[in-house]
Amino acid sequence: MLRPALQLFRHRSLLGTLTVRDLKARYRGSLLGFFWSLVNPLLLLAVYSFVFGYVFRRPLGSSIEPYALFLVTGLFPWIWASGSMLEGTLSLASNSGLLRKAVFPIEILPMVSVFANLAHFLFALPILLGALAVGVAMGYPIGGWSMLLAPLVILLQIPMVAGLALALASLNVHFKDVRDLLSNLLTLLFFLAPILYPLEAVTIRPLAWVVWANPFSPFTLAYQQTLFAGTVPGWSLWLHMAVISWLCWVVGAWIFDRLRNTLVEAV
């Protein structure tokens, strides 16, 4: 559990350099280049505002207004987490040459995916906050000082996403089915997280428990409360996030350490 964390801390400058290189490589050759990091969330917000603000004004019987802002408040963190896991899963297998010659801790490779996607999420936050400000100006009772707590939610979520990326990356080297299974599992987890609907809308008690057991649900609720509803999450929600994050990191780091010595041969 501690070894990967210490290795990442000791090589934090290399992790930062590789993350910046990854971000530059994504937009190399494109017309807008790095500005796509800002344009993408803006376009996503515009699409959801149009679809759920004008085409489907009250989806799922929800009375939440403005629904588009409620949706993207949970959707942007989900894109960070799911993108990190999908790209992190492939990070070791797709860098087989680098893995064989690596003179640095190989756990850095999955972490590059995590922090590159985190950078995109952070770039999207000002756009989301601007949209919330517009919503407040239009008279909606949303937002508030509780949004200052959003960075704490992000800090709690980082070990969770990082632990899952470590486990998935090492497992995918040995079991190529992991990538395909993950794609389908993420689709299921997306619909079982209260992103498209408020948790209160799930009236079937067993299903509500399933939604609550989704590891992404407490983080989604915390983002919605701090950014959209303008309320401070209760201590039970903070504890829920801390436990989930700690468990994901411990299990993910343990799996990676167990498979570490076989990764180069298997890749």
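This note sets out points on the helix packing, aromatic pairs and selected residues of a predicted model.

1. Basis of the note. The model is predicted, so local features need pLDDT of at least 70 and side-chain atom pairs count only at pLDDT 80 or more, whereas totals for chains, interfaces and linings use all residues. Residues are numbered from 1 along each chain as its sequence is written, and side-chain values use heavy atoms, with hydrogens and water left out.

2. Packing of α7 and α10. Helices here are DSSP runs (H or I, at least four residues), numbered from the N terminus. Helix α7 covers residues 150–174, and α10 covers 217–229. The two pack at an angle of about 165°, with their axes 10 Å apart; axes are lines fitted to C-alpha atoms over the stretch in contact, and angles run from 0 to 180 degrees between N-to-C directions. The helices α7 and α10 are therefore roughly antiparallel, a class for angles over 145 degrees (under 35 is roughly parallel, 65 to 115 roughly perpendicular and the rest oblique). Their crossing is left-handed, a term used if the near helix is turned anticlockwise from the far one by less than a right angle, with right-handed used if clockwise. On the α7 side the contact is made by Ala150, Val153, Ile154, Leu156, Gln157 and Met160, and on the α10 side by Phe219, Ala222, Tyr223, Thr226 and Leu227. Contact means heavy atoms within 4.5 Å.

3. Packing of α4 and α10. Helix α10 also packs with α4, which spans residues 67–91. The angle between α4 and α10 is about 135° and their axes are 9 Å apart, so α4 is oblique to α10. This crossing is right-handed. From α4, Leu69, Phe70, Thr73, Gly74, Pro77 and Trp80 meet Thr220, Tyr223, Gln224, Leu227 and Phe228 of α10. Tyr223 and Leu227 thus appear in the contact with α7 and in that with α4.

4. Packing of α7 and α8. The axes of α7 and helix α8 (residues 177–191) come within 7 Å and cross at roughly 135°. That angle makes α7 oblique to α8. Leu168, Leu171 and Asn172 of α7 make the contact with Val178, Arg179 and Leu182 of α8.

5. Aromatic pairs. A pair of aromatic rings is described by the distance of the centres and the angle of the planes. The whole structure holds 7 aromatic pairs; rings of Phe, Tyr and Trp (its six-membered ring) pair if their centres lie within 6.5 Å, and planes under 30 degrees apart count as stacked, over 60 as edge-to-face and the rest as tilted. One of them joins Trp78 and Phe216 edge-to-face, at 5.0 Å centre to centre with 75° between the planes. Trp78 lies in α4 and Phe216 in the loop between α9 (205–213) and α10, so the pair ties together parts that are 138 residues apart in sequence. Both of these residues are buried, that is, under 20% relative accessible area (exposed is over 50% and partly exposed in between, with a 1.4 Å probe and protein chains only).

6. The aromatic cluster. Phe190 and Phe191 form another edge-to-face pair, 5.2 Å centre to centre with 75° between the planes. Phe190 is buried at 16% relative accessible area, whereas Phe191 is partly exposed at 47%. Trp78, Phe190, Phe191 and Phe216 form one aromatic cluster.

7. Pro41 and Asn117. Pro41 lies in helix α3 (residues 36–55) and is buried, with a relative accessible area of 9%. Not counting residues up to four places away in sequence, Pro41 touches Trp36, Phe76, Ala124 and Ile127. The C-alpha atoms of Pro41 and Ile127 are 7.4 Å apart, although 86 residues separate the two along the chain. Asn117, in helix α6 (residues 108–137), is buried at 8%. Leaving aside neighbours within four places in sequence, Asn117 is in contact with Arg26, Trp80, Gly83, Ser84 and Glu87.

8. Val264 and Arg10. Val264 belongs to helix α11 (residues 235–266) and is partly exposed, at 35% relative accessible area. Leaving aside neighbours within four places in sequence, Val264 is in contact with Leu99 and Arg100. Its C-alpha atom is 9.8 Å from that of Ile106, a residue 158 places away along the chain. Arg10, in helix α1 (residues 2–10), is exposed at 56%.
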